[in-house]
Amino acid sequence: MNRFLEEVAKYIFTEHQENLHQVTLVFPNRRAGVFFKGYLQGLIEQPVLSPQITTINELVQNFSQLRKSDPLTLIVKLYGIYQQVTGSSESFDDFYYWAEMLIGDFDDLDKYLVKADDLFRNIADLKEIDEAFEYLSDDQKEFLRNFWGNIGKIKKSQNSTDFLELWEVLNEVYIQFKALLHNSGEAYEGMIYREMVNRLNAGEQIADSNNPIYFIGFNAINPCEKALFAHLKKIGIARFLWDYDDYYVNDNRHEAGMFMRENLKRFPAPENFSIASEFKKDKKIQLVVVPSKVGQTQALAYWMQQKGITAEKQFDKTAVVLGEENLLLQTLGALPDNYSHVNVTMGYPFSASPVCSLLNTLLELQKTVVGAETKQPKLGYRSVLAVLNHPLVRQIDDEGAIRLRDEILKHNKVYIAPQEVAKDAFWQSIFRVVNSSMDIGDYLLAALRKVFSQVTDGKTESIVQEYVYQAYVAINRFKDVVTEWGDSVLDMSKVKRETVFRIVDRYLGGISVPFEGEPLGGLQVMGILETRNLDFENVFMLSVNEGIMPSGGGAASFVPYQLRRAFGMPSVEQMDAMYAYYFYRTIQRAKNVFLFYNPVANGLNSGEMSRYIYQLKFESGIEVEEHTLLYDIEGAEQKEILIAKNEAMIDGLAQRFAKYPLSPSALNTYMECGMRFYFRYVAGLREPREVTQEIGPDVFGSILHTSLEELYKPMVGKQITVDTLDSVLKNNGQIDAVINKAFNQEYFNQQKEVDKTPELVGRNRLIFRVIKKTIKEFVRQDKKIAPFQIKSLEENVVGRFPVHANDKQYQIQIGGFIDRLDYVDGKLRVIDYKSGSDKLDFSDVESLFNRDKMDRRKAAFQTLLYAQLVAQKYTEHNIIHPGIYQIRDVYSDEFNPLFKTKVDGWEQMGYNAVEGDFREGLNKLLTEIFDVRIAFAQVDEKKNKCGYCPYNAICHRSGSTFG
């Protein structure tokens with residue numbers, strides 16, 4: 001195969017063997033220049049001075065006295081001009097996103113030599129178009145008429161009014177922005193390009209010698225570059241060497257040749273330079289369908305091994321081209337270990353890197369600090385754990401991270417003082433609280449220094465360190481810009497920490513990490529843009545999907561599509577033509593082409609193969625061999641899990657519950673699922689604790705419980721009358737106070753400052769009102785039974801029970817906290833508060849122990865067990881009535897909290913009437929739990945009880961589709 005750069009090297013060496021050092025070679029990118037050097041070295045037999053090798057951007061920069069400014073500085077300066085021109089009070093973080101877009105438009109505007117005052121004109125009279133825009137073609141004028149004609153027809157709205165108002169000031173923003181930059185010697189890239197053209201038009205000589213300049217391998221050339229090419233061609237020093245194939249250039253319909261056809265006419269190559277077209281020669285194309293984005297990387301490694309392709313030292317043998325740059329790490333990880341010669345040269349989005357993930361985690365940690373400006377700030381539980389579980393943090397100090405995590409979980413620390421986790425210098429740098437907006441940069445830099453010095457994971461070490469380096473440079477630059485412009489433009493004294501967090505996050509998200517290794521050796525891994533001018537014998541291209549190759553749509557722009565077309569600015573059609581050229585040029589000389597695509601529609605991926613694959617299959621005349629890789633997934637037969645008991649296990653369990661009471665909820669758990677009981681109470685697998693971000697039913701019930709306890713606590717032991725309760729209903733301040741206290745204890749996990757008024761916003765304010773209304777309904781229902789007396793609230797009642805099993809007798813305790821014991825009409829009531837939908841009727845006591853019953857009354861079982869414990873403790877009471885205050889029922893005029901049982905019809909039940917049956921059922925249940933012959937077993941899956949079980953992953957049950 002005839003590689004383009006190899007042929008260029010032969011040509012340059014032949015033409016300028018005696019004066020190589022006087023020749024300037026201009027390439028689209030640096031990679032092409034490095035490959036050229038590799039080929040040139042193979043031709044040189046003795047030491048010579050190298051030709052000057054540069055890129056088009058570097059060449060234009062050398063012709064200018066302006067220096068390219070970094071993106072953040074440009075945005076800050078644009079923000080200042082925008083405020084000055086418009087008088088807008090828009091915040092900087094809101095401005096940031098569309099500022100990037102506007103600078104991109106200014107860049108296109110200058111590179112494509114658009115007259116800004118014409119572009120940013122509000123054309124009310126379409127007749128102006130023919131007179132004011134004589135320099136535009138008829139097609140361009142038609143686009144202009146269509147746009148402003150449609151604007152005139154649209155009914156005025158706030159959006160259209162806002163657009164036109166802003167549109168009319170953008171020219172002034174553009175002028176003043178460029179003036180500000182020019183006065184400081186700074187510019188964005190398009191401004192540098194336009195300044196070069198202005199100098200050319202003014203007759204300035206920008207080339208300082210008559211030595212030849214070769215422009216090699218270009219395709220899409222903007223008007224500024226065309227002006228430069230034309231000028232240098234006119235003075236006789238420009239030469240043009242084009243990289244193309246007749247297959248797409250000679251076909252006027254083929255989009256890949258759209259730019260090249262014009263280039264060859266305007267800037268023809270030397271007559272003595274030519275390179276053969278090889279697109280249809282000795283080429284084998286294989287299409288590999290892989291139903292997974294990441295799965296493509298695994299298929300890549302498999303396919304390379306199957307074809308015997310290794311990472312040879314030869315630098316132009318094999319290339320892996322990534323359609324999606326964020327597959328880089330997965331690709332490198334999938335390559336076999338014997339691929340030692342691998343070079344990465346591509347831009348990788350920093351936002352997809354583990355270092356960016358760590359920085360975002362640290363920013364989130366600072367966002368969730370409680371009392372950041374006080375002497376005792378607290379860190380949020382969830383954010384601290386996110387830091388401790390981060391892979392990079394674990395790589396640096398795995399033991400320390402695990403120790404701190406376990407300590408937090410063990411003691412249920414929802415809010416954590418920094419000193420509790422800042423155990424050494426590393427953790428102090430991570431968990432210190434940033435009080436000032438200006439200190440955020442230093443905080444992140446300190447963390448990056450630690451990561452850079454301690455990350456040592458062979459395969460990815462250099463990549464991670466490159467991420468860290470790029471982040472370090474970016475944050476340092478952020479600090480410099482904030483320091484320089486903070487007072488005059490951003491007014492950092494008024495900028496909140498949260499705003500700075502968002503700015504940093506957006507700034508880091510726009511970084512692309514340029515990997516540039518030693519390209520002259522081994523397997524080459526690159527993005528599609530890096531393939532320009534390079535030829536490989538074997539090409540593996542991933543993510544050849546429509547919407548990725550080519551990318552769907554154009555770049556974000558403030559300039560509407562029709563105006564871009566009208567003024568010749570780049571549009572979707574031109575972007576598609578550029579991508580088509582990149583694709584066809586990459587494979588035009590390759591012998592073996594492997595195209596991978598993912599047919600699964602997911603998110604932005606349509607699951608459709610690229611149009612280029614269709615073109616190859618139906619237009620190229622080349623046979624495309626197709627392969628589909630499928631996952632061989634065979635569901636293993638689900639076997640019931642049984643945990644056999646033994647005497648040692650049961651003896652340990654008995655000793656435990658002899659000391660610590662077995663709760664009614666634990667017994668309910670056993671009847672729901674013996675396996676869940678085993679995991680929780682025998683194996684000790686604690687259900688993971690999670691911070692409650694929103695108030696769910698459980699937290700709602702806890703707040704209501706605590707509120708009622710605090711409200712009635714002063715009345716315990718006293719006679720409660722209707723007048724007493726009326727005074728409670730009138731005292732809104734008292735009700736508010738107990739609810740506030742309950743919020744602090746149950747939602748905010750505040751155990752000390754429980755009497756302060758919590759800050760409730762949004763949905764929580766509504767929940768506050770609902771709880772207040774519910775409490776008043778509770779009180780109104782209590783008025784109906786007044787006078788009465790409350791014996792106790794949240795009383796811890798424990799009873800001892802003998803269990804006969806395994807030829808032994810165990811003495812265990814059962815106990816729990818009873819929400820309320822009260823006397824009504826001389827009868828002792830056992831009251832439980834419930835926020836669920838539990839029913840108060842049951843057919844018989846036996847049904848409460850029937851685990852096969854789908855609607856077993858769990859709440860009734862628990863309350864009757866409480867009644868049993870009360871009966872054992874307070875033996876003087878002959879009549880005990882169990883009942884439930886159900887939240888949903890207290891609003892009913894027919895509210896009755898006491899249980900009913902079906903004896904002769906449904907009748908109100910006293911516990912004494914069913915005590916014998918209940919004791920019998922309880923004894924059987926306890927005997928079963930402690931019987932070594934009965935294994936702990938899973939619940940029948942058809943009962944649909946596994947969906948919300950925290951252990952369903954262990955049992956391989958999701959609970960979502962039961963038969």
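Begin with the open sheet of 5 strands, which in order are β18-β19-β20-β21-β23, with mixed pairing. The edge positions belong to β18 (719–720) and β23 (880–886); each has a single partner strand, so one side of each is left without a neighbour in the sheet. Keep in mind throughout that this is a predicted model.

**Inside the sheet**

Select β20 (808–824) and then strand β21, residues 827–834. The two pair in the antiparallel sense over 5 bridges. To see where they face one another, show Asp822, which stands opposite Arg829 in β21.

**The whole protein**

Zoom out before the next stop. The protein contains 38 helices and 26 strands. Of its 963 residues, 52% are buried. Among contacts with a separation of 6 or more, 77% are between residues 24 or more positions apart. The exposed surface comes to about 45,100 Å², and carbon and sulfur atoms supply 47% of it.

**Helix α28**

Now select residues 647–659, helix α28. The helix has 13 residues and spans 18 Å from its first C-alpha to its last, close to the 18 Å expected at 1.5 Å a residue. Which residues of α28 are buried? They are Met649, Ile650, Leu653, Ala654 and Phe657. These residues cover an arc of only 130° around the axis, which puts them on the same side of α28. The spacing fits a general rule: an α-helix has 3.6 residues a turn, so residues three or four places apart point the same way.

Turn to the other side of α28, where Ala648, Gln655 and Lys659 are exposed. Then add what the buried residues of α28 pack against: β17 (642–643), α30 (674–682), β20, α37 (915–930) and β26 (936–937). In that list, β20 is a strand already visited in the open sheet. Finally, show the start of α28, where a side-chain oxygen of Asn646 comes within 3.2 Å of the backbone nitrogen of Ala648.

**Gln938**

From β26, move into the loop between β26 and α38 (952–955) and pick Gln938. Is Gln938 buried or exposed? Its relative accessibility is 10%, and buried means under 20%, so Gln938 counts as buried. A polar atom of the Gln938 side chain lies 2.7 Å from the backbone nitrogen of Ile641. Leaving aside neighbours within four places in sequence, the residues in contact with Gln938 are Lys639, Glu640, Ile641, Cys673, Met675, Cys955 and Arg957.

**Strand β15**

Next select residues 592–597, strand β15. Here 5 of the 6 residues are buried, so the strand is largely enclosed by the rest of the structure. Two strands to add are β7 and β14. Strand β7 (residues 284–289) runs parallel to β15 and is joined to it by 6 bridges; within this pairing, Val288 has Phe596 as its bridge partner. Strand β14 (residues 538–542) is also parallel to β15, with 4 bridges joining the two. There, the bridge partner of Val539 is Val593.

**Glu373**

For the last stop, go to the loop between α16 (354–367) and β10 (379–380) and select Glu373. This residue is exposed, with a relative accessible area of 74%. Add Ser436 to the selection: Glu373 and Ser436 are 63 residues apart in sequence, and their C-alpha atoms are 8.8 Å apart in space.

Methods
Residues are numbered from 1 along each chain as its sequence is written. This is a predicted model: local features need pLDDT of at least 70, side-chain atom pairs count only at pLDDT 80 or more; totals for chains, interfaces and linings use all residues. Side-chain values use heavy atoms; hydrogens and water are left out. The expected span of a helix is 1.5 Å times one less than its number of residues. Buried means under 20% relative accessible area, exposed over 50%, partly exposed in between (1.4 Å probe, protein chains only). The arc is that of the directions from the helix axis to the C-beta atoms. Contact means heavy atoms within 4.5 Å. A polar contact is a pair of N or O atoms within 3.5 Å; within protein, one must be able to donate a hydrogen and the other to accept it, and residues adjacent in sequence count only if both atoms are side-chain atoms. Two strands pair if DSSP finds at least two bridges between them. Accessible areas come from the Shrake-Rupley method with a 1.4 Å probe; for residues, only the protein chains shown count as cover.
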